[in-house]
Amino acid sequence: MDDAAQFNACVYNLIQLIPPQKVTSCGHIAKLAGAPRQARRVNQLAKLLGQTSSSAPWHRVISTSGIVADHSGLGALQKRALEGEGVSVCTGILGESRIEFTRWGWFPDHAVIPSEVESVDEWGA
């Protein structure tokens, strides 16, 4: 996927598909988007969504290691949002917030994005 706006829109639409009480990794979203080496871009896009008034469930996208990253204070907001949905967030040995993928993970082999699922935000502009 070469076009940045197209990639952004695809990531946004994939994030919309993550069910409540489930999380997935930046790497898995990148894989579903057809760009498996673009996990960092997915991370940046999820962080951007968290900094806006977007309705997308950005908080359901976490690092590949299961850590809720602290993006300039967004980590606490993300943790609260996940806990509000009933997701158990535990504390790792270094004090990091972690989520158990075996219990809370959403990792489909592929995802079909319905044509009506589109950004109501100014996403990809």
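Which residue in β5 is the bridge partner of Cys 90? The legends below address this and other details of a predicted model.

**View 1. The bridge partner of Cys 90 and the open sheet of three strands.** In β5, the residue that serves as bridge partner of Cys 90 is Arg 98. Strand β5, which covers residues 97-98, pairs with β4 in the antiparallel sense, and two bridges join these strands. The open sheet follows the order β3-β5-β4, and its pairing is antiparallel. Because β3 (67-68) and β4 (90-91) stand at the edges and have a single partner strand each, one side of each is left without a neighbour in the sheet.

**View 2. The largest nonpolar core.** This core has 22 residues, and the members that touch the most others are Phe 7, Val 11, Val 42 and Val 61. At least two residues are supplied by each of the helices α1 (4-17), α2 (26-32) and α3 (39-50), while the largest share, six residues, comes from α1. Around Val 42, when residues up to four places away in sequence are not counted, the residues touched are Phe 7, Val 11, Cys 26, Ile 29, Ala 30 and Val 61. Apart from this core lies another one, made of eight residues, among them Leu 82, Val 89, Ile 99 and Trp 104.

**View 3. The packing of α1 against α3.** Two packed helices are described by the angle between their axes and by the distance between those axes. For α1 and α3 the angle is about 65°, and the axes lie 11 Å apart, which makes α1 roughly perpendicular to α3, given that this description applies to angles from 65 to 115 degrees. The crossing of α1 and α3 is right-handed. On the side of α1, the contact is made by Ala 4, Phe 7, Asn 8, Val 11, Tyr 12 and Ile 15, and on the side of α3 by Arg 41, Val 42, Leu 45 and Leu 49. Among these contact residues, Phe 7, Val 11 and Val 42 also appear in the list of residues that touch the most other members of the largest nonpolar core.

**View 4. Gln 21 in the loop between α1 and β1.** Gln 21 is located in the loop that lies between α1 and β1 (24-25). Although Gln 21 is not a glycine, its phi is positive, at about 65°. The relative accessible area of Gln 21 is 40%, so this residue is partly exposed, a class that lies between the cut-offs of 20% for buried and 50% for exposed.

Terms used. Residues are numbered from 1 along each chain as its sequence is written. This is a predicted model: local features need pLDDT of at least 70, side-chain atom pairs count only at pLDDT 80 or more; totals for chains, interfaces and linings use all residues. Side-chain values use heavy atoms; hydrogens and water are left out. A nonpolar core is a set of buried Ala, Val, Leu, Ile, Met, Phe, Trp, Tyr and Cys residues joined through side-chain atoms within 4.5 Å. Buried means under 20% relative accessible area, exposed over 50%, partly exposed in between (1.4 Å probe, protein chains only). Helices (H or I, at least four residues) and strands (E, at least two) are DSSP runs, numbered from the N terminus. Contact means heavy atoms within 4.5 Å. Two strands pair if DSSP finds at least two bridges between them. Axes are lines fitted to C-alpha atoms, for helices over the stretch in contact, and angles run from 0 to 180 degrees between N-to-C directions. Angles under 35 degrees count as roughly parallel, over 145 as roughly antiparallel, 65 to 115 as roughly perpendicular and the rest as oblique. A crossing is left-handed if the near helix is turned anticlockwise from the far one by less than a right angle, and right-handed if clockwise.
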